[in-house]
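Visitor: I have a protein chain to look over. Please walk me through its fold.

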Amino acid sequence: MKRVMIDLDETICTGGYLEAVNRYLHTNYKENEIEHYYVEDVMNPEEKERFLDYFYKNVNIYKEAKIIPDSLRVIEALSHHYDIYITTAFVDKRRVVESAIMAQYKYQWIVENMPYIDPKKIVLTGSKDIVMCEIKIDDKVANLKGYGEIKLLLDQPHNQKFTFEELEILGIRRVYDWVQIESILLGSEEK
Ligand SMILES: [Mg+2]
């Protein structure tokens, strides 16, 4: 059985973080207006420091995270054919101690929403590059570099800057939704 590494944020679920930033700043940013990987990069440095203090004390983004269409259904279907590892980074180097709470929030969300995933296959890390899975699905290009036979980049506003040619050199294929992932991994393209 081939192993599949699947990212959590902006791959399986999304949001929560943008809502927290908007509440904090009293703004109304929309997802497609943010081209930064880190939403808080819309703030100036001092403001960002204050936000991070507030964020780790007060916010569990997974309470209002939205499920990306078809992700849970397709992952459950994949779990009958592949060995699935939900692999998610939680370490924020700007707040090394405080960011530990994210490991708990992420673990709880996965356990509650994906009962078909073995809790022992929830990989909470800061180093996705050591994960040796044949297939990788992520929305961040850096997490798809290195080991892997099939590397799928889920299209998101923050990864638009990578061209088809750049991705091709890295062996990465851009995919637009989970139905497409389903057809690649369970359909005629691959079994
Ligand atoms: Mg992600």
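Guide: Start with a term: axes are lines fitted to C-alpha atoms, for helices over the stretch in contact, and angles run from 0 to 180 degrees between N-to-C directions. This is a predicted model: local features need pLDDT of at least 70, side-chain atom pairs count only at pLDDT 80 or more, and totals for chains, interfaces and linings use all residues. Residues are numbered from 1 along each chain as its sequence is written.

Visitor: How many helices and strands does the protein chain have?
Guide: Helices (H or I, at least four residues) and strands (E, at least two) are DSSP runs, numbered from the N terminus. From that end, the order of elements is β-β-α-α-β-α-β-α-β-β-β-α-β-α. The count is 6 helices and 8 strands.

Visitor: What is the strand order in the open sheet of 6 strands?
Guide: Two strands pair if DSSP finds at least two bridges between them. Pairing in this open sheet is parallel. The order is β5-β4-β1-β6-β7-β8.

Visitor: Which strands stand at the edges, and what is the average twist?
Guide: β5 (122-125) and β8 (172-175) each have a single partner strand, so one side of each lacks a neighbour in the sheet. Those two are the edge strands. From one strand to the next, the twist averages 20°.

Visitor: In β4, which residue is the bridge partner of M5?
Guide: β1 and β4 run parallel and are joined by 4 bridges. β4 also pairs with β5, in parallel, over 4 bridges; there T87 faces V123 of β5. On the β1 side, the partner of M5 is Y85.

Visitor: Which residue in β8 stands opposite L153?
Guide: β7 and β8 run parallel, with 4 bridges between them. Opposite L153 is R174.

Visitor: At what angle does α4 run to β5?
Guide: α4 lies across both β4 and β5. Contact here means C-beta atoms, placed from the backbone, within 7 Å. Relative to β5, the angle is about 165°.

Visitor: Is β4 mostly covered or mostly open?
Guide: A residue is buried if 20 or more other C-beta atoms lie within 10 Å of its own, exposed if 12 or fewer, and partly exposed in between. Of the 191 residues in the protein chain, 29% are buried. In β4, 6 of 7 residues are buried, so by that definition the strand is mostly covered.

Visitor: Which element supplies the largest share of the largest nonpolar core?
Guide: A nonpolar core is a set of buried Ala, Val, Leu, Ile, Met, Phe, Trp, Tyr and Cys residues joined through C-beta atoms within 7 Å. The largest one has 36 residues, and V4, I6, I84 and I86 have the most contacts inside it. Elements supplying at least two residues each include β1 (3-6), β4 (83-89) and α4 (100-113). The largest share, 4 residues, comes from α1.

Visitor: Which residues does V4 touch?
Guide: Leave out residues up to four places away in sequence. The contacts are then L78, Y82, D83, I84, Y85, C133, I135 and I137.

Visitor: Is I34 buried, exposed or partly exposed?
Guide: I34 sits in the loop between α1 and α2 (45-58). Its contacts beyond four places in sequence include L18, P157 and H158. With 19 other C-beta atoms within 10 Å, I34 is partly exposed.

Visitor: What is the radius of gyration of the protein chain?
Guide: The radius is taken over C-alpha atoms, and the globule rule is 2.2 Å times the number of residues to the power 0.38. For 191 residues, a compact globule would be near 16 Å. The protein chain agrees with that, at 17 Å.

Technical notes: Two residues are in contact if their C-beta atoms, placed from the backbone, lie within 7 Å.
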